[in-house]
Amino acid sequence: MAYIIPEGQHFPAKVSNFSQPDVVICNIRDKLNDDQLETFSRSCFGMLAGKQATFSFEDFALVTGLVCTGIPPISSLVDTSTHRLRDAYFKGNNSIKRSELESTFLGLKPQPDNEDDVVKLALVYFVEFVLPGRERSRNISDVTYLQLVENLDNFNKYPWGFVSYARTSKSLVGAMKGRVQIFLKKTIKPTKTQKEQYSLYGFPLTLQI
């Protein structure tokens, strides 16, 4: 098997990984009470919050344990005529920053009437900050996830593996394109800490495992 970049052209680099399972899992554990954590642990992401384990579609499914079938329209799974969570916590906005989702979830004061909502926001928070792994300044991937999470059975059956693998594999395939040429241009005037920087999106931790 040949390297994508020949060994003779290897170069030092700084890699940014926007999937943050360690931070997100710690935040969720700190935020949720025992009953809420139990609900979260029974979700489709439960196995990712408590264990570590060719990078094919099958390998991704094996490592994550997530459903990797085709993506059905969310409108076929839940009632999309109402948007309770969006209206209650995000002022009805369809453009919600990922940073806003995080601050809303972490800042939500536990009340007897919102315990289920805390878990639901925890699940969407996990989706956004672990599976597609993008910059905090971006909008959430799909505002209808806030509708899908209203039905936990359908949410847990949703093919999150397919969603994440598509983003991850696309990022890994394109991350190194043109990097050698860019680095060589920089070495015309070399510095002591000369590095090339690039970003990985999706959930590349699965490749490391």
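# How do we know? Reading the labels on this model

Modeller: Let's start at K91, which is found in the loop between α4 (84–89) and α5. Please keep in mind that this is a predicted model.

Biologist: Happy to start there. Why does K91 count as exposed or buried?

Modeller: The relative accessibility of K91 is 76%. Exposed means over 50%, so K91 counts as exposed.

Biologist: And what is there to note about the phi of K91?

Modeller: The phi of K91 is positive, about 55°, although K91 is not a glycine. Most residues other than glycine have a negative phi.

Biologist: Let's move to helix α5, where F105 is found. What makes F105 count as buried or exposed?

Modeller: F105 has 0% relative accessibility. The limit for buried is under 20%, so F105 counts as buried. From F105 to D117 there are 12 residues in sequence, and their C-alpha atoms are 9.3 Å apart in space.

Biologist: What about V78: why is it called buried or exposed?

Modeller: V78 has 12% relative accessibility, which puts it under the 20% cut-off, so V78 counts as buried. Its place is in the loop between α3 (57–64) and α4. V78 and S164 are 86 residues apart along the chain, with 21 Å between their C-alpha atoms.

Biologist: Now to cysteines, always a question at the bench. How do you know how many disulfides there are?

Modeller: A disulfide is a covalent bond between the sulfur atoms of two cysteines. In the model, the two sulfur atoms have to lie within 2.5 Å, and by this rule the count is zero. Take C26: the nearest cysteine sulfur belongs to C44 and is 20 Å away, so C26 is in no disulfide.

Biologist: What are the relative accessible areas of these cysteines, C26 and C44?

Modeller: C26 has 44%, which falls between the two cut-offs of 20% and 50%, so C26 is partly exposed. C44 has 10%, under 20%, and is therefore buried.

Biologist: On to charges. What makes D87 and R86 a salt bridge?

Modeller: Side chains of opposite charge can pair when their charged atoms come close. The N to O distance for D87 and R86 is 2.9 Å. The rule asks for within 4 Å, so the pair is a salt bridge. D87 counts as partly exposed at 42%, whereas R86 is buried at 16%.

Biologist: Which residue forms a salt bridge with R98?

Modeller: R98 pairs with E128, and their closest N and O atoms are 3.5 Å apart. This pair links distant parts of the chain, with R98 in helix α5 (residues 98–107) and E128 in helix α6, 30 residues apart. Both partners, R98 and E128, are buried.

Biologist: And why is the pair of E135 and R138 called a salt bridge?

Modeller: The closest N and O atoms of E135 and R138 are 3.5 Å apart, and the limit is 4 Å, so the pair qualifies. E135 has a relative accessible area of 19%, under the 20% limit, so E135 is buried. R138, at 35%, is partly exposed.

Biologist: How many salt bridges does the structure hold?

Modeller: The structure holds eight. There is also a network of salt bridges linking R84, D117, K120 and E150.

Biologist: Which residues form the negative surface patch?

Modeller: The patch is formed by D34, D35, E115 and D116. Helices α2 (34–41) and α6 (115–130) each supply at least two of its residues.

Biologist: What makes E115 fit for a patch?

Modeller: Patch residues need over 30% relative accessible area and no salt bridge. E115, in helix α6, has 35%, so E115 passes the area cut-off and is partly exposed.

Biologist: To finish, how many helices and strands are there?

Modeller: There are 11 helices and two strands. Buried residues make up 43% of the 209 residues, and the C-alpha trace spans about 60 × 35 × 35 Å along its principal axes.

Methods:
Residues are numbered from 1 along each chain as its sequence is written. This is a predicted model: local features need pLDDT of at least 70, side-chain atom pairs count only at pLDDT 80 or more; totals for chains, interfaces and linings use all residues. Side-chain values use heavy atoms; hydrogens and water are left out. Patches are made of residues with over 30% relative accessible area and no salt bridge: like charges are joined within 9 Å, nonpolar side chains (Val, Leu, Ile, Met, Phe, Trp, Tyr) within 5 Å. Accessible areas come from the Shrake-Rupley method with a 1.4 Å probe; for residues, only the protein chains shown count as cover. A salt bridge is a side-chain nitrogen of Lys or Arg within 4 Å of a carboxyl oxygen of Asp or Glu. Lys and Arg count as positive and Asp and Glu as negative; His and the chain ends are not counted. The place of a charge is taken as NZ of Lys, CZ of Arg, CG of Asp or CD of Glu. Helices (H or I, at least four residues) and strands (E, at least two) are DSSP runs, numbered from the N terminus. Buried means under 20% relative accessible area, exposed over 50%, partly exposed in between (1.4 Å probe, protein chains only).
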